[in-house]
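Please open the model in your viewer, with both the cartoon and the sequence panel in sight. The tour below moves from one selection to the next and says what is to be found at each stop.

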Amino acid sequence: MSGIKRYLIRKTLIYTLTFFLAVTIDFIIPRMMPGDPIGVLLSRFATLPEATKYLHGYFVQAFGLNKPLWEQYLSFWNAVLHGDLGVSIYYYPKPVTEILKAAIPYDLALLFPALVASWFVGNWLGAIAGKNRKLDSYLMPVFYFLQASPYFWFAILLSYLFTFKLGWFPISGAYSYGIIPSLSWEFIKDYLYHWILPFLSLFMVQLGGWAIGMRNMIIYEVEADYIRYLEALGASERTLMKHAFKNAMLPQVTGLAIQLGLLVAGNVTVQIVFSYPGIGYVLMQGIMNQDYFLIQGAFLVIILTVLIANFTIDLLYALIDPRVRTSYTEEGA
Amino acid sequence: MSLLEVKNLKIYYKTPAGPVKAVDGVSFKVKKEEVFGIAGESGCGKSTLVHSLILRKPPMEHAGGEALFKGKNLMKLSPEEARKIRYTQLSIIPQYAMNALNPTKKIKDIVWDLAREHGHTNRSEVEKLLRERLAMVKLTPKVADMYPVELSGGMRQRATMVVSTLLNPDLLIADEITSALDVTTQRVVIELLHHFMEEDIVKSIIFVTHDLALLDKIANRTMILYAGKTAELGPTEEIINNPTHPYTQLLLNALPRMGVQYKKQKLKGIPGYPISLLNPPKGCRFYTRCPYAMDRCKDEEPPLVKVGEEHYAACHLLGGESQ
C-alpha cells in the first residue's frame, strides 16, 4: 500500500507547511497593531511618572520587544517548539499556557457537542427534507435563515429572547459567581444552565448549513444512475435510501473539515456575547489589551485545532471513500 | 408460446401542455428463446416502451393497453408485486451500464443487497454464483470484492451484465447497451448476450438499439418504431433484405457505407425531423417526411398489414386490408 503511504506523506507535508505559514502570520498580525502593549499594562499601575518611565524600559526589555523583529521571530519559534508561549502582558505575570489551559475545557465542552449534535441532527433533517417534497418547502426557509445568521447575531437574538424577555437563562459566564468549579452535582447543574444558550447559538446556526448540504446531496444522489439501476432491479425504498444516504454523507464529512474552521470563529464571537470564559473570550481580552503573547497563544490553539481536525478528516475520508483511496493508489497522483 | 405479449400499449408523459404520446398503441410478442429487436431513431419511443415494462414513474403514465408477462399484466400489478418480479423474472441492462453500479459499494455487497430483497437467504451461495458468473464473462472472480471505481469502463460494463442476469431472469431488456461502445467492446457484449441465451441464463432478450447493422447480427425478429407507433415488424432478415415500409427503406439507406467518402457522396438521411408527440397528426405519423406521401396519408391512419410470413408493416402503399 505504497499509495496510502504517499497520500500520508503528501498530506503531512501540506499540513506542516500550512502550520508554519499560519503561525508566522499569527506572529506578525498582533505586532502590526498600532499602540504600545507595555503602556496599556503600566496604565494599570498609576504610579509616579518617573517610575513609569523606568518600568516601561524594564518591561520592554523583559518581553524582548526592543529586539529587531526577526530576532523576536526566531526566539518565538524556539519558544513555541519548546511549548513555551511566553508570559501574558495583561494578566502579568501569568504564563499564557496557564491561561489557555484554564480556558480550553470550556471551549471543548461547548464546541464539540455543538459540532457533533448539529452534524447529526442537520444531516438527519436534511435527508428528510430531501426525501419529502412537502416538508422540504417548509424546512428549507428555516435552514436558510439559520445558515445565513451570523453566530454573534444569533447569540444576541437568543439572549434577548430567553434572558431579557423571558428570563429563563443567565446572561453571561460559565457558572454563577458564588460557585467554585468542582465535580459536584450543584456545579454541573449550574454549569449546564449557563451552557445552554451559547451551545444553542452554535448548534442552530451550524445545523442550517448541514441540513441544506444534506438535502441537496440526497436530491442529487436519488437521481443518480446507480439508484435508478437498483430501483429497476426491484430494490426496496429502504435499500435505495441506504445507498443514496451513504454517498450523500461523503461530502458532508469533507464539509466537517471546512465548517470546523467557521465554527471555531463562530465560537469566538458567541463567547464574547455571553462572556463565556473560553479561548474566544481570552482572545478578545488579548486583543483589547494589545497582549501580543496572549493573542499568539490563543490563535495558536485555534490553528492547531483546525489543522488537527482537518488532518483527521482527510485520513478518515480516505478510509470511507474507495474513490479517494483508488485515486491515490493507482497512478502517482 | 410467447413470454411477453404487448397489446395496444399506450404510454404517455404528462406535461402541462398535455400528454406527450411517446408510445401510442404498440403491439408485439416476445417468444421464448428469441432475441427481439426494437429499433428506431432518437425519440421514437423505444426506451419509453421498454422502461414502462419495468417501472413507470411520473410523468410517465400508462394510458391504455396491456403487457402480459407470463400471463400477468405488468400494467396492473401492485407496486410490491412488480418489485418482486423485477430482477428475478424481468431484468434490465441499462443504457448507462458502465455507471450503473454504486461506486462506493463492493460489487458483492450491491448484489447481496439486491438478492436479499428477492428472497435469498444464503449470502455465501449468492457470492459463489457471482464469482462463477464473473469468471464466465472473463473477469477475475476477485472483482466481486472490488469497488466499481477500481474497474475499467469495459470491465464495469461486463460486471453490470453479470449483476443484471445473476438471478436468471426469463426476460432481459438490453436498452441501447452498445450505443456508447467501440466496436471491439460491442462484439464482446453481443457475444455475451448470446452466451447468456445458450447457457439458459436468460430465456429471451429485448434488444433496443438504433443500430440496424447490429440487429442483423443478434435479433431473430425486429420491430421498427416511428414516433410511438410500429412502422414495421417481422423477421430481422426479412426487414433488412426486403423492407416494405418507406421509413425502414430510408433508414437502411441512411446507413453509412464503407469505401465511400463524404466528399464524393454525401451521407444519405431522411429529410426533416420526427414530429412532435404532443399533438401527433391523425393520419400516418411519417407523412411529413415520406417521399411517397399521398392525400390519404394525411387523415387516415394506416393499419398494420401482413406483407409476408410473420411480416407486417403500416403503410397505405401496401394496401388497406387490416391484419
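Begin with the sheet of chain B, where eight strands form an open sheet with mixed pairing, in the order β6-β7-β8-β3-β9-β10-β12-β11. The model on your screen is a predicted one. Select residues 90-93 and 304-308 of chain B to show the edge strands, β6 and β11, each of which pairs on one side only. Looking along the sheet from one strand to the next, you can follow a twist that averages 20 degrees.

Stay at the β11 edge and add residues 311-314 of chain B, which are strand β12; β11(B) and β12(B) pair in the antiparallel sense over four bridges. To find one position in this pairing, select B:V305, whose bridge partner in β12(B) is B:A313.

**Another set of pairings in chain B**

Next, select residues 2-13 and 60-69 of chain B, that is, strands β1 and β4, which pair in the antiparallel sense over eight bridges. Displaying the side chains of B:K7 and B:E66 will mark one position in this pair, since B:K7 stands opposite B:E66 in β4(B).

Now extend the selection to residues 72-73 of chain B, strand β5, which pairs with β4(B) in the antiparallel sense over two bridges. Within this pairing, B:L68 has B:N73 of β5(B) as its bridge partner. β4(B) and β5(B) form a hairpin with two residues between them, and in the turn B:K70 has a positive phi of about 50 degrees.

**Backbone details in two loops**

Select B:P58 and B:P59 and look at the peptide bond that joins them: the bond is cis, with omega near 5 degrees. B:P59 lies in the loop between α1 (46-54) and β4 of chain B. Then move to B:E33, which has a positive phi of about 60 degrees although it is not a glycine; B:E33 is found in the loop between β2 (20-31) and β3 (35-39) of chain B.

**The two domains of chain B**

Colour chain B by domain, using 2-89 + 170-257 + 264-318 for domain 1 and 98-168 for domain 2. The C-alpha centres of domain 1 and domain 2 of chain B lie 29 Å apart. Where they meet, ten residues of domain 1 of chain B are in contact with eleven residues of domain 2 of chain B. Which helix gives the most to the domain 1 side of this contact in chain B? Select residues 183-198 of chain B, and you have helix α6, which gives four residues. By class, the domain 1 side of the contact in chain B has seven nonpolar, two polar and one charged residues.

Keep α6(B) selected and add residues 153-165 of chain B, helix α5; the two helices pack at an angle of about 20 degrees, with their axes 11 Å apart. α5(B) and α6(B) are therefore roughly parallel to each other, and their crossing is right-handed. To see the contact, show B:G154, B:Q157, B:R158, B:M161 and B:T165 of α5(B) together with B:T185, B:V189, B:L192 and B:F196 of α6(B). These contact residues divide into four nonpolar, four polar and one charged.

**Across to chain A**

Turn now to the contact between the chains, which takes 18 residues from chain A and 24 residues from chain B. On the chain A side, select α9 (225-232), α10 (237-273) and α13 (322-329), each of which supplies at least two residues. Of the helices of chain A, α9(A) gives the most to this side, with six residues. By class, the side of chain A that touches chain B has seven nonpolar, six polar and five charged residues.

Show chain A on its own, and you will find 13 helices and zero strands, with C-alpha atoms that fill a box of roughly 90 × 60 × 35 Å along the principal axes.

For the last stop, select residues 96-131 and 292-320 of chain A, helices α5 and α12, whose axes come within 10 Å and cross at roughly 45 degrees. That angle makes α5(A) oblique to α12(A), and α5(A) passes α12(A) in a right-handed crossing. The residues to display here are A:V96, A:I99, A:L100 and A:I104 of α5(A) and A:F293, A:L294, A:G297, A:A298 and A:V301 of α12(A). By class, this contact of α5(A) with α12(A) has eight nonpolar, one polar and no charged residues.

Technical notes:
Residues numbered from 1 in each chain as written. Chains lettered and ligands numbered in written order. Predicted model: local features only at pLDDT ≥ 70, side-chain atom pairs only at ≥ 80, totals over all residues. Axes fitted to C-alpha atoms, helices over the stretch in contact; angles between N-to-C directions. Parallel < 35°, antiparallel > 145°, perpendicular 65-115°, else oblique. Left-handed = near helix turned anticlockwise from the far one by under 90°. Contact = placed C-beta atoms within 7 Å. Nonpolar A, V, L, I, M, F, W, Y, C, P; charged D, E, K, R; others polar. Domains from an automatic or database assignment. Pairing = 2+ DSSP bridges.
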